[in-house]
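Please open the model in your viewer and keep the sequence beside it, so that each stop on this tour can be selected by residue number. The route begins in the interior, moves along paired strands, and ends at a pocket.

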Amino acid sequence: MTTGHVFIATSLDGYIARPDGGIDWLPQADPDETYGYDDFAASIDGLVIGRGSFEKVLTFDEWPYTKPVIVMSRSLDPASLRHDLRDKVEVSRHQPRELMDTLSRRGWARAYIDGGRLIQSFLQEGLIADIVITRVPVLLGQGLPLFGALDRDITLEHVQTRSYPSGFVQSRYTIT
Ligand SMILES: NC(=O)c1ccc[n+]([C@@H]2O[C@H](COP(=O)([O-])OP(=O)(O)OC[C@H]3O[C@@H](n4cnc5c(N)ncnc54)[C@H](OP(=O)(O)O)[C@@H]3O)[C@@H](O)[C@H]2O)c1
């Protein structure tokens with residue numbers, strides 16, 4: 001079965017974006033310090049992202065991914081995809097578990113799961129193996145949360161926490 005892996009940055013108060021989706025509080029990418037992202041990106045077979053995250057990525061100057069991307073959405077019409085993305089992006093209307101079964105059959109071992117609501121739903125379904133959270137030292141007060149309501153507790157094992165000169169604090173957890 002394909003396993004889901006999260007690598008995400010949050011504000012200290014746990015938001016992944018401002019209420020309007022803004023991520024201006026995240027520093028610009030720095031090629032000299034990628035906070036382990038390059039190794040993580042090399043370790044995954046592809047990405048599964050929510051429609052909200054996809055729409056944000058479409059505002060970037062360049063398409064940031066080299067691996068295949070599945071966008072989970074029931075509202076997005078695949079025919080409306082930008083031409084340059086048609087061989088890079090696939091739209092899926094599956095439920096999370098169905099999608100992971102499909103990806104397993106395609107030979108994906110590790111999928112990068114991204115987007116707050118999508119991560120919450122994959123967590124709820126028990127499809128996330130581990131989470132790397134990089135906490136940025138800013139309080140936003142409001143925004144789109146990384147975590148949300150659950151119908152049961154999810155326990156995690158803390159693997160490692162590392163702090164960076166920038167003030168970022170990165171923790172890795174496995175889901176037990
Ligand atoms: N801080 C970071 O590192 C980081 C990382 C990623 C994203 N972000 C930010 O987070 C924001 C987007 O996050 P978000 O939480 O609003 O949205 P999201 O999780 O990216 O997307 C949610 C959408 O995905 C679709 N979807 C399909 N199946 C789903 C399922 N099983 N569970 C949940 N959603 C499903 C739905 O769209 P349909 O209505 O079309 O079905 C839903 O509205 C953006 O602003 C992005 O910039 C920040």
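Begin by selecting Val 48, Ile 113 and Phe 122, which, among the 23 residues of the largest nonpolar core in this predicted model, touch the most other members. Colouring the secondary structure helps at this point, since strand S1 (3-11), strand S2 (15-17), strand S4 (69-72), helix H3 (96-105), strand S6, helix H4 (116-124) and strand S7 (128-136) each supply at least two residues of this core. The element that gives the most is H4, with four residues. Apart from this core lies another one, made of 18 residues, and you can find it by selecting Tyr 65, Leu 81, Leu 85 and Val 132, which are among its members.

Now return to Ile 113 and centre the view there; this residue sits in strand S6, which covers residues 110-114. Is Ile 113 buried or exposed? Its relative accessibility is 0%, and therefore Ile 113 counts as buried. If you show its surroundings, leaving aside neighbours within four places in sequence, you will find contacts with Gly 4, His 5, Val 6, Val 48, Met 100, Leu 118, Ile 119, Phe 122 and Ile 128. A further residue to select is Ile 49, which is 64 residues away from Ile 113 in sequence, although their C-alpha atoms are 5.9 Å apart in space.

Next, follow the strands. Select S7 together with S10 (169-175), and you will see an antiparallel pair joined over six bridges, where Asp 130 stands opposite Thr 174 of S10. On adding S9 (156-163) to the selection, look for the seven bridges that join S9 to S10, again in the antiparallel sense, with His 158 placed opposite Tyr 173 of S10. S9 and S10 form a hairpin with five residues between them, and in its turn Gly 167 has a positive phi of about 100°.

The last stop is the second largest pocket, which holds about 220 Å³ of space. Which residues should be selected to find its centre? Of the 13 residues that line this pocket, Tyr 35, Gly 36, Gln 160, Gln 170 and Arg 172 are the closest to the centre. Strands S9 and S10, already on display, each supply at least two residues of the lining, as does helix H1 (37-43). If you colour the lining by class, it shows five nonpolar, five polar and three charged residues.

Conventions:
Residues numbered from 1 in each chain as written. Predicted model: local features only at pLDDT ≥ 70, side-chain atom pairs only at ≥ 80, totals over all residues. Heavy atoms only, no water. 1 Å grid on protein atoms, 1.4 Å probe; cavity = no way out; pocket = protein on both sides within 12 Å on 5 of 7 lines; lining within 4 Å. Points joined across faces, edges and corners; volume = space filled by probe spheres on them. Nonpolar A, V, L, I, M, F, W, Y, C, P; charged D, E, K, R; others polar. Buried < 20%, exposed > 50% of the residue type's maximum accessible area, 1.4 Å probe, protein only. Core = buried A, V, L, I, M, F, W, Y, C linked by side-chain atoms within 4.5 Å. Contact = heavy atoms within 4.5 Å. Pairing = 2+ DSSP bridges.
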